[in-house]
Amino acid sequence: MAEKAAAEGEPQGPLPVVDYLKIPENGDPYIEGYRCGHCQSTFLGERSICSNCGARDGLEATRLANEGTLYAYSIVCRSFPGIDVPYVSAIVDLEGGGTLKGNLINIDPDPEKIAFGMPVEVVFKDALGRKDRDGNSYLSYFFQPRG
Ligand SMILES: [Zn+2]
């Protein structure tokens, strides 16, 4: 990665927090999955063999939807030092396939306000101001209620 930098030590713009978060040079960031052409199963991250049907030749990179529904969540009240709590850790089923784990934001961390199956969307934001040693910021994804 260091060889790619135009000038050492100069920030290059946001880096994705995970390799399945793609940041095109032109256009909006998106989540990339791999979809099996045989059984249509969708997975996060690159893979060459379908773990559903075992096909070895049918997986293709695909841009996953930003809309989904809340499958499960947990309100996290204790975490590592420096991590603000409480926050809502969620698992979301994306429309068209793919299941993604992340934090649900812009909602009170209160079970009365959060419903299983509620419509949510993926939003892309700076990862809480964290930077690497060259000053690059990180881009992360979050879920928020769809309004
Ligand atoms: Zn398959």
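How many bridges join strand 6 to strand 9, and do the two run parallel or antiparallel? In this predicted model, three bridges link strand 6 (residues 67-76) with strand 9, and the strands run antiparallel. One of the contacts is easy to pick out on screen: Gly68 has Val120 as its bridge partner in strand 9.

That pairing belongs to an all-strand fold. The chain has ten strands and zero helices, so a run through the elements from the N terminus reads β-β-β-β-β-β-β-β-β-β, with strands counted as DSSP runs of at least two residues. Taken along the principal axes, the C-alpha atoms fill a box of roughly 45 × 45 × 30 Å. Of the 147 residues, 33% count as buried.

Moving on from strand 6, the next pairing is with strand 7. These two strands pair in the antiparallel sense over eight bridges, and within this pair Tyr73 stands opposite Ala90 of strand 7. Tyr87, which lies in strand 7, comes back alongside strand 6 territory: the C-alpha atoms of Tyr87 and Val76 are 5.3 Å apart in space, although the two residues are eleven apart in sequence. The loop between strand 6 and strand 7 holds Pro86, and a cis peptide bond joins Val85 to Pro86, with omega at about -5°.

Strand 7 (residues 87-94) also pairs with strand 8 (residues 99-104), again antiparallel, through six bridges. Here Ile91 stands opposite Lys101 of strand 8. The two strands make a hairpin with four residues between them, and Gly96 in the turn has a positive phi of about 85°. Past strand 8, Asn106 sits in the loop that leads to strand 9. Asn106 has a phi near 60°, a positive value in a residue other than glycine. Asn106 is also exposed, because its relative accessible area of 58% is over the 50% cut-off.

Strand 9 then pairs with strand 10 over eight bridges, once more antiparallel. Val123 is matched with Phe142 of strand 10 in this ladder. Five residues separate the strands of this hairpin, and among the residues of the hairpin Gly135 takes a positive phi near 90°.

These later strands also surround the largest pocket, which offers about 690 Å³ of space. The lining counts 26 residues, and those that lie nearest the centre are Ile83, Tyr87, Asn103, Leu128 and Phe142. Strand 7, strand 8, strand 9 (119-131) and strand 10 (137-145) are the elements that give two or more residues to the lining. Strand 9 provides the largest share, with five residues. Sorted by class, the lining has 15 nonpolar, six polar and five charged residues. Two of the central residues have already come up: Phe142 is the bridge partner of Val123, and Tyr87 is part of strand 7. Tyr87 counts as partly exposed because its 24% relative accessibility falls between the 20% and 50% cut-offs.

Turning to the metal site, the zinc ion is held by four sulfur donors: the SG atoms of Cys36, Cys39, Cys50 and Cys53 coordinate the ion at 2.3 Å. The donor spacing along the chain is C-x2-C-x10-C-x2-C. Angles among the four donor atoms span 105 to 115°, and the site is tetrahedral. For reference, the ideal angle for four tetrahedral donors is 109.5 degrees.

What does the pair Cys39 and Cys50 tie together? Cys39 lies in the loop between strand 3 (30-36) and strand 4 (42-44), and Cys50 lies in the loop between strand 4 and strand 5 (59-63), so the pair ties together parts that are eleven residues apart in sequence. Solvent access sets the two cysteines apart: Cys39, at 27% relative accessibility, counts as partly exposed, whereas Cys50 is buried, with a relative accessible area of 2%. One more backbone detail belongs to this region. Gln40 is found in the loop between strand 3 and strand 4, and Gln40 has a positive phi of about 70° although it is not a glycine.

Notes: Residues are numbered from 1 along each chain as its sequence is written. This is a predicted model: local features need pLDDT of at least 70, side-chain atom pairs count only at pLDDT 80 or more; totals for chains, interfaces and linings use all residues. Side-chain values use heavy atoms; hydrogens and water are left out. Two strands pair if DSSP finds at least two bridges between them. Donors are N, O and S atoms within 2.8 Å of the metal (3.2 Å for Na, K and Ca); water is not among the atoms, so sites may look incomplete. Four donors count as tetrahedral if all angles lie between 85 and 135 degrees; four count as square planar and six as octahedral if opposite donors are over 155 degrees apart and all others between 65 and 115; anything else is irregular. Buried means under 20% relative accessible area, exposed over 50%, partly exposed in between (1.4 Å probe, protein chains only). On a 1 Å grid over the protein atoms alone, a cavity is a set of points where a 1.4 Å probe fits but cannot get out, and a pocket is an open set with protein on both sides within 12 Å along at least five of seven lines; lining residues have an atom within 4 Å of a point. Grid points are joined across faces, edges and corners, and a volume is the space filled by probe spheres set on the points. Ala, Val, Leu, Ile, Met, Phe, Trp, Tyr, Cys and Pro count as nonpolar, Asp, Glu, Lys and Arg as charged, and the others, Gly among them, as polar.
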